[in-house]
Amino acid sequence: MTDAPKTDTAAPEVPKKTVQAKKTGKKQTRKGSSTATKAVARPQGGNVQYPKHAVQVALRIPRAILEQNAGKEASEKDAAGYLGVQLSGPIRVELSSARKYGFLERPSPGRISITELAKRILRPHRPNDELEGLREAVLNAPVISDVYKHYRGENLPDQQFFDNALVDTFGVQQPNLSEFKEVFITSLRSAELLEEHNGKYRVLDVAQPSGTATGTSDTLRKLGKAVSVSGTDSCFVVMPFALPLGNHYRLIYEPAITKAGLRPMRADDDIFATGKIIDQVWTGINSAKVLVAELTSRNPNVFYELGIAHALHKPVVLVSATEEDVPFDVRHIRVIYYDVSDPFWGEKLINKVAENILSALRNPEEAIFQAPAMRV
């Protein structure tokens, strides 16, 4: 498998101006898209309630309450007055956004109070209070949090594929795509959860073990309910045998696959015996429900086995330490990137691989190679 000249689009398009969301009671779907395989349940009627403002904008009302009312509880009308405006539809939407991020609470109808999270961001006592608070707010936000967790440690897909995923998997309606993408990307930038790599947006996984366990178990639980797997289903690992990458099988991939509820397999450990090795590799790949491929170092045998898996239309979870080791013609498939200089990289990778295995089974179109003419 060789690299071809780069022709794909770069990062998903981000409009310069947020537009007001259009209200509709009718579910909007892409023509020809399937609604049968969804990793995230949609609210009734497809009315996805994500914040309509970026995280920094949603701090405007809490800041006004803190500065002009000493942070005390206030009426919604008074809060609007602190901004010098009347309580109207747009202000009510802004109040709703602030509540979704966890910046405001409603102790009683018509009244609001600022939360400790908002105070920590606006009046930090430690150097990291503001940044950590913004990240917590992003994880509080409906839909934004789901999309972040789905793509953490990965590049965002090119615009067409990202739009399709937002509509089909996360229930964002077509007319609201531009608005949602601006809110999502602007908020992740503010929280330093997004950076550019070779013209693409990389979603950073900054969680530490103490902050990872709950979110990961919740994500795995949701995916596990949506996917049927048994202890006899296998996940075949395609990877180099030589050290240090060879150690990743025992340290990373075995526990990740077991965590996802499948049986891990690798040629040298499980099916290496007398006879033709390629026949055994073929059998292992063909019988696997899903595969994991470690692409780091561009190993020829790995690429050969990956080609077999793609020819058999098997879902494959791709993993690499560097983007340069991922062949151009498979970069439209989701790839997990890891950084061994991160002290928590091993635990993060175990959790992410486990999630992506179940996600690949739930949404195989994200993990199965399709020739350009066959792409949805």
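Here are three short exercises on this predicted model, each with a worked solution. Residues are numbered from 1 along each chain as its sequence is written. Local features need pLDDT of at least 70, side-chain atom pairs count only at pLDDT 80 or more, totals for chains, interfaces and linings use all residues, and side-chain values use heavy atoms, without hydrogens and water.

**Exercise 1.** Find the order of the strands in the five-stranded open sheet, and its edges.

*Solution.* Start with the strands, which are DSSP runs of E of at least two residues, numbered from the N terminus. Two of them pair if DSSP finds at least two bridges between them. Reading across gives β7-β6-β8-β9-β10, with parallel pairing. Next, look at the ends: β7 (263–265) and β10 (335–337) each have a single partner strand, so one side of each is left without a neighbour in the sheet. Finally, check one pair: β6 (residues 234–238) joins β7 over three bridges, and Ser234 stands opposite Arg263.

**Exercise 2.** Describe the hairpin of β2 and β3.

*Solution.* First, the pairing: β2 (residues 104–108) and β3 (residues 111–114) are antiparallel, with three bridges. Then go to Ser108, which stands opposite Arg111. Two residues lie between the strands, and Gly110 takes a positive phi near 80°.

**Exercise 3.** Which helix gives the most to the largest nonpolar core?

*Solution.* Such a core joins buried (under 20% relative accessible area, 1.4 Å probe, protein chains only) Ala, Val, Leu, Ile, Met, Phe, Trp, Tyr and Cys residues through side-chain atoms within 4.5 Å. The largest has 51 residues, and those with the most contacts inside it include Tyr101 and Phe184. Helix α8 (residues 177–190; a DSSP run of H or I, at least four residues) gives the most, with six residues.

Conventions:
Buried means under 20% relative accessible area, exposed over 50%, partly exposed in between (1.4 Å probe, protein chains only).
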